[in-house]
Amino acid sequence: MSAVSTPPLAIIEENLPNDRRRRRAEKTTKIRGIRASVWVYIGLGVVAASAIFPYYWSFLIGSGTSATINDPNMSWFPGGNFIANALSVMNDPAVNFWLALWNSIFSSTVIAASVVVFSTLAGWAFAKLRFRGGKWLLAFVVATMAVPMQLGVVPLYILFADLGWTGTIGAVIVPALTSAFGVFWMTQYLSQTVPDELIEAARVDGASMLRTFWTVGVVAARPAAAMLFLFTFVGAWNQFFWPFIVLDRQSPTLPVALSLLQANYFVDYSIVLAGVLLATIPLLLLFAFAGKQLVSGIMAGAVKG
């Protein structure tokens with residue numbers, strides 16, 4: 001059982017042929033030895049500024065008053081009303097901010113965790129198990145990504161109405177528990193990361209397929225699973241179309257609740273953009289804490305031999 005008790009990533013390295021390990025080391029050394037030119041930093045600076053500018057613009061408007069957005073002489077320095085505008089959003093009874101925040105956190109976390117679990121299981125099966133019709137089934141799963149969600153909204157709503165789930169957060173969670181993109185992503189990653197010889201060695205040592213998946217596949221898939229969790233969480237957090245249809249004002253998600261700020265005859269965009277910035281804070285915190293896993297997941301595919 002030594003092949004199973006040893007950490008899976010160490011097993012992978014030990015079972016790689018010498019030439020493959022040498023090519024991987026050489027490629028990693030080359031990547032680390034490349035020095036970027038000044039134009040690369042300039043290009044990255046332009047991209048970073050383009051990404052940050054919308055947030056800064058929102059903060060400028062959100063820290064001002066209702067007249068700030070129409071002021072031709074608007075200052076490029078933030079005002080002092082952001083906290084007051086944010087408190088207006090939090091205390092607005094029509095928005096129900098704290099319940100909407102909890103619903104978004106809960107639904108996005110459950111959806112992202114479920115997609116990671118099911119996608120990793122399905123990806124392992126498609127990548128490392130041989131069964132009749134596997135390639136055709138994977139092609140069918142990938143083809144479902146071409147079907148827009150809008151085509152299924154009416155029958156899906158009728159189904160949840162018959163079940164009595166409309167107006168509940170479960171109606172948002174259940175349709176998103178699996179992801180065709182997640183299955184394809186994990187299939188591609190596991191097929192390139194885990195050698196077949198390692199699985200055969202584990203089976204010879206008496207490990208069941210479930211034990212092999214848990215001790216080898218799960219650990220090897222950790223960077224890709226982290227990326228999939230992040231992207232799925234962001235997608236579920238920003239989802240507006242289906243929650244807007246199936247939920248009501250008593251139990252909304254955060255995007256649906258913030259849309260109510262524009263339901264009045266007069267729209268105060270300083271309060272609207274303050275609420276938008278509040279909705280992005282959890283995502284920024286998530287990326288700040290999980291950024292290391294995100295980078296390792298991206299670089300894992302760049303140094304394969």
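# Exercises on spaces and helix packing

The largest share of the lining of the largest cavity, three residues, comes from H6. Keep that helix in mind as you work through this predicted model.

**Exercise 1. Find out how many cavities of 30 Å³ or more the whole structure holds, and which residues line the largest one.**

Step 1. Start with the search of the whole structure: one cavity of 30 Å³ or more turns up. The space in the largest cavity comes to about 30 Å³.

Step 2. Now list the lining. Ser-104, Ser-107, Ser-108, Val-172, Ala-236, Trp-237, Gln-239, Pro-243, Thr-253 and Pro-255 surround this cavity.

Step 3. Match residues to elements. Helix H6 (97-128) and helix H13 (222-238) are the elements that give two or more residues to this lining.

Step 4. Sort the lining by class: five residues are nonpolar, five are polar and none is charged.

**Exercise 2. Describe the largest pocket: how much space lies in it, and which element gives the largest share of its lining?**

Step 1. Take the volume, which is about 870 Å³ for the largest pocket.

Step 2. Look towards the centre of the pocket. It has 30 lining residues, and the closest to the centre are Pro-175, Ala-176, Thr-178, Ser-179 and Ala-180.

Step 3. Collect the elements that give two or more residues to the pocket lining: H6, helix H7 (134-143), helix H8 (153-163), helix H10 (180-193) and H13. Of the lining, H13 supplies the largest share, with five residues.

Step 4. Sort by class once more: the pocket lining has 23 nonpolar residues, seven polar ones and no charged ones.

**Exercise 3. Work out whether H11 and H12 are parallel or oblique to each other, and name the residues that meet.**

Step 1. Read off the geometry. Helix H11 (residues 196-204) packs against helix H12 (residues 209-220) at an angle of about 130°, and their axes are 10 Å apart.

Step 2. Compare with the cut-offs: 65 to 115 degrees counts as roughly perpendicular and over 145 as roughly antiparallel. H11 and H12 are therefore oblique to each other.

Step 3. Add the handedness: the crossing of H11 with H12 is right-handed.

Step 4. Find the contact. From H11 come Leu-198, Ile-199, Ala-202 and Arg-203, which meet Met-209, Thr-212 and Val-216 of H12. By class, this contact has five nonpolar residues, one polar and one charged.

**Exercise 4. Do the like for H6 and H12: at what angle do they pack, and which residues make the contact?**

Step 1. The angle between H6 and H12 is about 115°, with the axes 12 Å apart. That makes H6 roughly perpendicular to H12.

Step 2. H6 passes H12 in a crossing that is right-handed.

Step 3. On the H6 side, Thr-120, Leu-121 and Trp-124 make the contact; on the H12 side, Met-209, Thr-212, Phe-213 and Gly-217 do.

Step 4. Four residues of this contact are nonpolar, three are polar and none is charged.

Notes: Residues numbered from 1 in each chain as written. Predicted model: local features only at pLDDT ≥ 70, side-chain atom pairs only at ≥ 80, totals over all residues. Heavy atoms only, no water. 1 Å grid on protein atoms, 1.4 Å probe; cavity = no way out; pocket = protein on both sides within 12 Å on 5 of 7 lines; lining within 4 Å. Points joined across faces, edges and corners; volume = space filled by probe spheres on them. Helix = DSSP H or I, 4+ residues; strand = E, 2+ residues; numbered from the N terminus. Nonpolar A, V, L, I, M, F, W, Y, C, P; charged D, E, K, R; others polar. Axes fitted to C-alpha atoms, helices over the stretch in contact; angles between N-to-C directions. Parallel < 35°, antiparallel > 145°, perpendicular 65-115°, else oblique. Left-handed = near helix turned anticlockwise from the far one by under 90°. Contact = heavy atoms within 4.5 Å.
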